[in-house]
Amino acid sequence: MHFGLSWEQQSLKEAVQGFLGELRSARDILEGKAELADPAVWQRICMEQGWQAIAIPEEAGGFGFGQVELAVIFEELGRTLTPCPLLGVSMATAALIEAGAAAHGYLGSIAGGQRAALVTGIEPREHEGGWRLTGTDAGVVDAPGAELFVAITDAGVFALTADQVSCTELPSFDHTRVIGRVSVDLTVDGAALLGTPDSARIAARIESLIAAEATGAADACLELAVEYAKVRVQYGKAIGSFQAIQHLCADMLVHVESARSAAWYAAWAIASDAPDSRSAARVAKATASTALMHCAGASIQIHGGIGFTWEHDAHLYFKRAQATHALFGAPDAHRAAIADDLLGAL
């Protein structure tokens, strides 16, 4: 069995790498040389690359590719920590794809460049032929600047416009990602309910993308550490020649390769509608989040004093690791859910 990227997927990866090299970096934003939420960056992504339309079905106005191609993009975004609202848009897109044909109009708008964000924690209540929606989500990824808000509720998936919600940007621990508080308190008609898809399938799509992004970031931490170990000299030798440093780097490599295998398999399972796609996504999210936490910490340790400074990028990856760890479920929660599923099947 061949398990790897196809020629087309490898070409996509190289194209993504080249394009990301043209955009402003996380360091530029940290030093005030560029805006974190720059509309021009999103416009370039939509007009020149079309990443927002990669996984959207052709009948809804997209390119009709699968989860694997989207995961390729997210792995490279994680590697560079390039700030852009693609994760928030992709999370909303995942819910709309699972909602079915009723959501095709909204998917077409996203394919055309409309920004979207995914909201959870909203309580629905039937009200005079429509729905009363109330609640607040205090950690919506890429909410500020979004034009469409997709809410996952117990009743199903709702589509809301920016003027129907209250959105406030929040300070973020991760300097490369925008988050916001979204509050909803309104009555909508029945047409706002797009469908009642399986929330587990939506979660699997999202967790797969987060895992791919975390894998790319973990790999970047390994690359930074290895390159520094080659040039940093102590006692007349490069520190990479010391067994303790070699062990740290070897452990990082094991974590990265484990995360990549889990993330790629989860993306393939979702694209192929495999029966184990839900558990595969949980495994990927848990494995990749853990890998990034380990690699970000080990990279700082290998860099020594400079790794703790504001001037080095190591702290950006460490902060991304902390934020990713909690995003859409901590690793322990996913492992517990997997254990419950396995034990329940006995």
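## Helix 7 and its buried positions

Asp 219 is buried, with a relative accessible area of 11%, in this predicted model. Asp 219 belongs to helix 7, the element spanning residues 199-231 that also holds Ser 208. Ser 208 is buried as well, its relative accessible area being 0%, and once residues up to four places away in sequence are set aside, Ser 208 touches Gln 67, Ala 263, Ala 266, Ala 267 and Ile 270. Glu 213, another residue of helix 7, is likewise buried, with a relative accessible area of 4%.

## Salt bridges that reach helix 7

Asp 219 forms a salt bridge with Arg 79, in which the closest N and O atoms are 2.8 Å apart. The pair links distant parts of the chain, since Arg 79 sits in helix 4 (residues 67-80) and Asp 219 in helix 7, 140 residues apart. Arg 79 is buried, with a relative accessible area of 13%. Both residues take part in a network of salt bridges that also includes Lys 13, Glu 75, Glu 76, Glu 223, Glu 257 and Arg 260.

Glu 213 and Arg 177 meet through their side chains in a salt bridge of 2.6 Å, N to O. Arg 177 lies in the loop between strand 6 (166-170) and strand 7 (179-189), while Glu 213 is in helix 7, so the pair ties together parts that are 36 residues apart in sequence. With a relative accessibility of 11%, Arg 177 counts as buried.

## A salt bridge between helix 2 and a loop

The whole structure contains 23 salt bridges, and one of them joins Asp 313 to Arg 27, with the closest N and O atoms 2.8 Å apart. Because Asp 313 lies in the loop between helix 9 (277-303) and helix 10 (314-326), and Arg 27 in helix 2 (residues 26-30), this pair ties together parts that are 286 residues apart in sequence. Asp 313 counts as partly exposed, at 29% relative accessibility, whereas Arg 27 counts as buried, at 13%.

## The nonpolar cores

The largest nonpolar core has 54 residues, and those with the most contacts inside it are Trp 51, Ile 73, Phe 74, Leu 77, Leu 86, Leu 96 and Val 150. Helix 5 (residues 86-99) supplies the largest share of this core, namely 10 residues. Apart from this core lies another, of 37 residues, among them Ala 211, Ala 225, Cys 295 and Ile 302.

Phe 74, leaving out residues up to four places away in sequence, touches Leu 86, Leu 87, Ser 90, Leu 209, Ala 212 and Glu 213.

Conventions. Residues numbered from 1 in each chain as written. Predicted model: local features only at pLDDT ≥ 70, side-chain atom pairs only at ≥ 80, totals over all residues. Heavy atoms only, no water. Helix = DSSP H or I, 4+ residues; strand = E, 2+ residues; numbered from the N terminus. Buried < 20%, exposed > 50% of the residue type's maximum accessible area, 1.4 Å probe, protein only. Contact = heavy atoms within 4.5 Å. Core = buried A, V, L, I, M, F, W, Y, C linked by side-chain atoms within 4.5 Å. Salt bridge = Lys/Arg side-chain N within 4 Å of Asp/Glu carboxyl O.
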